[in-house]
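Me: Please take a close look at the salt bridges in this model for me. I'd like to hear who pairs with whom, how covered the partners are, and what lies around them.

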Amino acid sequence: MINELNQLRANALEQLAPIGDDRALEQWRITFLGRKGALAALMEKLGTLPKEERAAAGKLANETKAALEAAFQAKLGAVKQRALSESLESEPLDVTLPGRPRPRGRLHPATRNLREIYRIWRDMGFQVFLSREVESDEMNFQLLNIPPHHPARDNWSTFYIAGSEQGVLLRTHTSPGQIRAMRALSANGTQPLRVILPGMCYRYEQVSARYEIQFNQVEGLAVGRHVTFADLKGTLTEFARRMFGERPVRFYADHFPFTEPSAQMDVQCIICDGAGCPLCKFTGFLEILGAGMVHPQVLRNGGYDPDVWSGFAFGLGPERIAMLKHSIEDIRYFWGNDLRFLEQF
Ligand code: PHE
């Protein structure tokens, strides 16, 4: 047995040496190392040996197997390497072939638009304050002068959190962040404040080209000792100028329970320049935000004394603004994840 194993090994290595291609190598493997190969046949015989010889023969059989496998691997590497250098030398390499383009990711249009809005407000001295998306009824409504059963609640169709007995909800606007920002940043109503509060809001709406159940808002809040309605108009006009370029704006009386007086701001239609078109419904103007002077009770709820402090606030819809700037006619594109839309930005 010992002899046979040694012979097999010598024989196998001798035959392996001259091999230079895949096929012959595979044939060699089958002959010596295969399941029905020479080595397997010998190993099968191990069991028939007398006990005294079995251990030594078994050990040698295993060593033989390991040696042949190692030799096979080494040869395999050499054969592959040779095939590669041969093909590199013989096959022409066309360096003028166009490369394979890699698809590149990019920022979502809503994110890019938000960042532009942040930049404009930052340049005007407003810091970003992140408030929460899940709110209490108290923050979202009551502290903003909208008690339970107030008719103004109809303006904000609300998603309530199940099991919270209507106390917890998804914020319907970013305005509750006004209270949180005042309480967090004003040091008990002793510090002036200029913040924007961006983020997702949720409304229980029939989804359509104009309404989504989720959308971003950017709230703004400025509180100081002598903040007037003129500051509101001047600041918002300047924002529109930086966002849309030189074009007229106009303010309209509006109503929100948490501002007094309240206003709506329009910019001249960016499609027809005021001549009238379907986008502006032939009014020549587009509404871009709601705003107003912070209601004294809201200032109080935020920790400020309204006899000393005043402020203005606004809320704008960034998706609406992006739609106007890029003539996007359906708000559902924003969260529809359709690459044909996203790749245009
Ligand atoms: N929160 C209001 C809305 O969602 C917008 C607004 C914000 C109005 C701040 C005035 C002041 O419609």
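**Salt bridges and their surroundings**

Reply: Happy to! The structure holds 16 salt bridges, and please keep in mind that this is a predicted model. The general idea is simple: side chains of opposite charge can pair when their charged atoms come close.

Let's start with Glu-4 and Lys-45, whose side chains meet in a salt bridge with an N to O distance of 3.4 Å. Glu-4 belongs to helix α1 (residues 2-16) and Lys-45 to helix α3 (residues 38-45), so this pair links distant parts of the chain, 41 residues apart. Glu-4 has a relative accessible area of 35% and is therefore partly exposed. Lys-45 counts as partly exposed too, because its relative accessibility is 39%.

Next comes Arg-180, which forms a salt bridge with Glu-135; their closest N and O atoms are 2.7 Å apart. Arg-180 sits in helix α7 (residues 176-185) and Glu-135 in strand β2 (residues 134-136), so this pair ties together parts that are 45 residues apart in sequence. Glu-135 counts as buried because its relative accessibility is 2%, and the cut-off for buried is under 20%.

The third pair is Glu-246 and Arg-241, with side chains meeting in a salt bridge at 3.2 Å, N to O. Glu-246 is exposed, at a relative accessible area of 64%, while Arg-241 is partly exposed at 38%. Salt bridges that share partners join these two with Glu-238 and Arg-242 into one network.

For some context, let's turn to helix α8, where Thr-235 is found. Thr-235 is buried because its relative accessible area is 19%, just inside the limit of under 20%. A polar atom of the Thr-235 side chain lies 2.6 Å from the backbone oxygen of Asp-231. Leaving aside residues up to four places away in sequence, Thr-235 touches Trp-121, Met-124, Phe-126 and Phe-312.

Two of those neighbours, Trp-121 and Phe-312, lead us to the largest nonpolar core, which has 32 residues. Both are listed among its residues with the most contacts inside the core, along with Leu-236, Phe-239, Leu-289, Phe-314 and Leu-316. Elements that each supply at least two residues include α5 (109-123), β5 (214-224), α8 (229-244) and β8 (285-294). The largest share, six residues, comes from α8. Within this core, Leu-289 is a good residue to click on: among its contacts beyond four places in sequence are Leu-236, Ala-263, Met-265, Phe-314 and Leu-316. There is also a second, separate core of 25 residues, which includes Phe-256, Val-294, Leu-299 and Trp-309.

Finally, a look at the ligand, for comparison with the charged pairs. It is surrounded by 15 residues, the closest being His-173, Ser-175, Arg-203, Gln-217 and Glu-219. A polar side-chain atom of His-173 lies 3.0 Å from a ligand nitrogen, and one of Gln-217 lies 3.0 Å from a ligand oxygen. In the side chain of Trp-156, an N or O atom is 3.4 Å from an oxygen atom of the ligand. Taken alone, the ligand exposes 330 Å², and the protein buries 91% of that.

Terms used. Residues numbered from 1 in each chain as written. Predicted model: local features only at pLDDT ≥ 70, side-chain atom pairs only at ≥ 80, totals over all residues. Heavy atoms only, no water. Core = buried A, V, L, I, M, F, W, Y, C linked by side-chain atoms within 4.5 Å. Buried < 20%, exposed > 50% of the residue type's maximum accessible area, 1.4 Å probe, protein only. Helix = DSSP H or I, 4+ residues; strand = E, 2+ residues; numbered from the N terminus. Contact = heavy atoms within 4.5 Å. Near = heavy atom within 4 Å. Polar contact = N/O pair within 3.5 Å; in protein donor to acceptor, adjacent residues only side chain to side chain. Areas by Shrake-Rupley, 256 points an atom, 1.4 Å probe, with all protein chains shown as cover. Salt bridge = Lys/Arg side-chain N within 4 Å of Asp/Glu carboxyl O.
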